[in-house]
4 protein chains.
Amino acid sequence: MATTQQMLDAYPGDLGIDQTLLAACIDACLDCAQACTACADACLSEEMVDQLRSCIRTDLDCADICAVTGRVLSRHTGYDANLTRAVLEACRTACRSCGDECAQHAEMHDHCRICADACRACEQACADLLTSLG
Amino acid sequence: MATTQQMLDAYPGDLGIDQTLLAACIDACLDCAQACTACADACLSEEMVDQLRSCIRTDLDCADICAVTGRVLSRHTGYDANLTRAVLEACRTACRSCGDECAQHAEMHDHCRICADACRACEQACADLLTSLG
Amino acid sequence: MATTQQMLDAYPGDLGIDQTLLAACIDACLDCAQACTACADACLSEEMVDQLRSCIRTDLDCADICAVTGRVLSRHTGYDANLTRAVLEACRTACRSCGDECAQHAEMHDHCRICADACRACEQACADLLTSLG
Amino acid sequence: MATTQQMLDAYPGDLGIDQTLLAACIDACLDCAQACTACADACLSEEMVDQLRSCIRTDLDCADICAVTGRVLSRHTGYDANLTRAVLEACRTACRSCGDECAQHAEMHDHCRICADACRACEQACADLLTSLG
């Protein structure tokens, strides 16, 4: 999604945050939200759905939290570092839980493998942005 | 919204959390999300919109975070206390920021006064639920 | 949620829409979104989860669409009747699908019965608001 | 977002829909939702914010509707063509409104120009998917 970086470049004013890390984190959040939504639905279509209840649940939570983190970060994030930090912490926690859960099914279900990768990438992007906030 | 409590009563299994505090927190989140969405839009309609930029921004962030907190809490929250806690912390932080901002305009704008009240109530409901999680 | 009506009363300007029907529809949307989110999760906890796949899916779709309809309606809806109408049509369609699906499981699962009622109420509230828009 | 296509390829079962158009539409929805969220915030930072009220409003509505359309399409969309169609119609309507509004400010504000492009692309992707649904 090259649009994210273009929109940051077009912002009227200083965002008070590392723009490269910010764009990477927004894109990782949206990517992970999509993967988690699709993974929950793919799990629902598996024959062994009764063994995937926790996976569906953590997928849905992670999808919601990543989507909202991507939205909050798409606003003028410099204004309230406490809020940005709290949202990033929640997103990192959700991605770690969901990545761990999906990784357990990665060998059996390709959608869980792809989703686990998206969760790891988003967890790292949140961690990097948190570090840059100091 | 009496439905929230009814749905908790109909849950097949133990939620592992104080149900009265949980229902109160879900309802406070949804109430606050609505108030913040409406307050942002009301601010946009004010003549002095240029003095309400921060208020609109924090309203939008708070609306997003409260809505997603209400969703996460509406799922089987017992399964991952770390995630529940991180989301509640983010929501409490967002409500405090938004409540503080709206309170500054409460005398001039009724929508800010009502929204500040909704933020305070949601901040408290999150704090109460966090305490009960130990 | 008495807050919805309070926020409408505090709006600076004419909303160009029947406020009583609008408040009822916003509240019905938020109520239905919560019920559907909770019903999807309750279905996931049922032993017979493999027979509830469609119900979970339609619950999740209906939750998403009701939530966003509640948000769009919480803004200055008069400005673009085409958009308001299209969103209400989508919401009415989602509520009908989900209400029909949940009604099939209402005798066996209390959460489906309560959710079906919330869907019917929201479908009706959308229909009433659509009629008033002319 | 190559992940979207990967997740579709990993889906266990037939989606009953053109997968290339579906992936393109999901990605266009998420891209447009991000652009609209960022454009609303950029508009809020402009000196002439009082002339951008409608643009902010339509940005926020379009962001919400595109995000939810991307989510609904990320689920097993074949199951209920009526719902898919109604959501795509709402999304197309929102993108047309927002694209028209942003296009009016495109020469003055780069963020409106980029956002208008994202809206046009999403409107087209929704139209293409609707046509394929018959």
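Analyst: Start with one term. Two residues are in contact when their C-beta atoms, placed from the backbone, lie within 7 Å. Keep in mind that this model is predicted.

User: Then how many residues of chain B are in contact with chain D?

Analyst: Seven residues of chain B touch seven residues of chain D.

User: Which helices of chain B supply at least two residues each to that side?

Analyst: Two helices do so: H2 (19-45) and H3 (53-73) of chain B. The top contributor is H3(B), with three residues.

User: What classes of residue are found on the side of chain B that touches chain D?

Analyst: Three are nonpolar and four are charged. No polar residue is present on that side of chain B.

User: Now the other pair. How many residues of chain D are in contact with chain A?

Analyst: Here 31 residues of chain D meet 31 residues of chain A. Four helices of chain D each give two or more residues to this side: H1 (2-9), H2 (19-45), H3 (53-73) and H5 (110-133). The largest share, 11 residues, belongs to H2(D).

User: How does the side of chain D that touches chain A divide by class?

Analyst: Count 14 nonpolar, 11 polar and six charged residues.

User: How is an interface's size often given?

Analyst: Often as the accessible area lost when the parts come together. For this structure we have counted contacts instead. Chain D uses 31 residues against chain A. Chain B uses seven against chain D.

User: How are two copies of a chain related?

Analyst: By a rotation about an axis, plus a shift along it. Take chain D and chain A. A turn of 180 degrees, with 0.0 Å of shift along the axis, lays chain D on chain A at an RMSD of 0.0 Å. That is why we speak of a two-fold axis here. Both copies use the same surface: 100% of the contact residues of chain D recur in chain A.

User: What turn and shift lay chain B on chain D?

Analyst: The turn is 180 degrees and the shift along the axis is 0.0 Å. The RMSD is 0.0 Å. Again the same surface serves both copies, as 100% of the contact residues of chain B recur in chain D.

User: Last point. What scores does the model have?

Analyst: The ipTM is 0.95 and the pTM is 0.97. Chain A has an average pLDDT of 94, and 97% of its residues score at least 70.

Key: Residues are numbered from 1 along each chain as its sequence is written. Chains are lettered from A and ligands numbered from 1 in the order in which they are written. This is a predicted model: local features need pLDDT of at least 70, side-chain atom pairs count only at pLDDT 80 or more; totals for chains, interfaces and linings use all residues. Ala, Val, Leu, Ile, Met, Phe, Trp, Tyr, Cys and Pro count as nonpolar, Asp, Glu, Lys and Arg as charged, and the others, Gly among them, as polar. pLDDT is the predictor's confidence in each residue, from 0 to 100. Copies are superposed by least squares on the C-alpha atoms of residues with pLDDT of at least 70 in both.
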